[in-house]
Amino acid sequence: KEEKANHKIKQLIEAKKIGLEIPETIATNDTEEARKFLIDQKKIVFKPLFHSGQISSKDNQYLYTKPVNETDLDGPTMECPGVFQRHIDKKYDLRIIVIGERVYPMAIYSQSSEEGKTDWRRANFSDLECALVKIDEEIKEKCLAINKRFGIYTSAIDFAIDKQGKSYFLDLNPGGRWLQFELASGIKISDGFLELFNNLSN
């Protein structure tokens, strides 16, 4: 179940089915198709097909979401299939941590960091401000629904919030980071796990 839930294209398909907004997207390693997408969208980003993007476990190296220009399309970016999406001009990032029926929406003010503008994971997390925020009940219910579609109990679901306040589903990570958000915000996210384990054991 987790392997299926980690596949970005499957995530986007399920997100769209339940009514979440997603950025314009293609998955390809065809240079001409990617070039046409870049021309159509003006600004695009690239990300790996699977969530971790880990390219070397030995050296702990990761492939992060990155901006793509025309020169990149003639290089190693196109050596294997990946996901290309329209660049979202973000106001902030939103990570919604789902544990059972509990939902913890954490805003990540990534645009204050040059390294974190496209992918907040590239930044030093201690330099980023984050806070628990309110979200629409509809978004909450859709986050619970996508977990159920994949048959998983926990996830970290990432959204981009644009300058007009519109939410775009980016991806889902069944084993996404949560402890750093508890430590930074003081919100007891770990209580959600205790509740989930208690419910599952009864």
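This passage walks through a pocket, a surface patch and an exposed loop residue. The structure is a predicted model, in which local features need pLDDT of at least 70 and side-chain atom pairs count only at pLDDT 80 or more, while totals for chains, interfaces and linings use all residues. Residues are numbered from 1 along each chain as its sequence is written, and side-chain values use heavy atoms, with hydrogens and water left out.

The largest pocket (an open set of points on a 1 Å grid over the protein atoms alone, where a 1.4 Å probe fits, with protein on both sides within 12 Å along at least five of seven lines) holds about 280 Å³ of space. Its lining, meaning residues with an atom within 4 Å of a point, comprises 17 residues, and Asp136, Ile139, Gly165, Lys166 and Ser167 lie nearest the centre. Two or more lining residues come from each of strand E7 (90–99), helix H4 (137–150) and strand E10 (154–162). Helix H4 gives the most, with three residues. Sorted by class, eight lining residues are nonpolar, three polar and six charged.

Elsewhere, Tyr153, Phe197 and Leu200 make a nonpolar surface patch of about 340 Å²; patch residues have over 30% relative accessible area and no salt bridge, and nonpolar side chains are joined within 5 Å. Of these residues, Phe197 sits in helix H6 (residues 190–201).

Finally, where is glutamate 114 placed? This residue belongs to the loop between strand E8 (102–108) and strand E9 (130–132). Glutamate 114 counts as exposed (over 50% relative accessible area, 1.4 Å probe, protein chains only) because its relative accessibility is 63%.

Technical notes
Patch = residues over 30% accessible without salt bridge, like charges linked within 9 Å, V, L, I, M, F, W, Y side chains within 5 Å. Areas by Shrake-Rupley, 256 points an atom, 1.4 Å probe, with all protein chains shown as cover. Salt bridge = Lys/Arg side-chain N within 4 Å of Asp/Glu carboxyl O. Helix = DSSP H or I, 4+ residues; strand = E, 2+ residues; numbered from the N terminus. Points joined across faces, edges and corners; volume = space filled by probe spheres on them. Nonpolar A, V, L, I, M, F, W, Y, C, P; charged D, E, K, R; others polar. Buried < 20%, exposed > 50% of the residue type's maximum accessible area, 1.4 Å probe, protein only.
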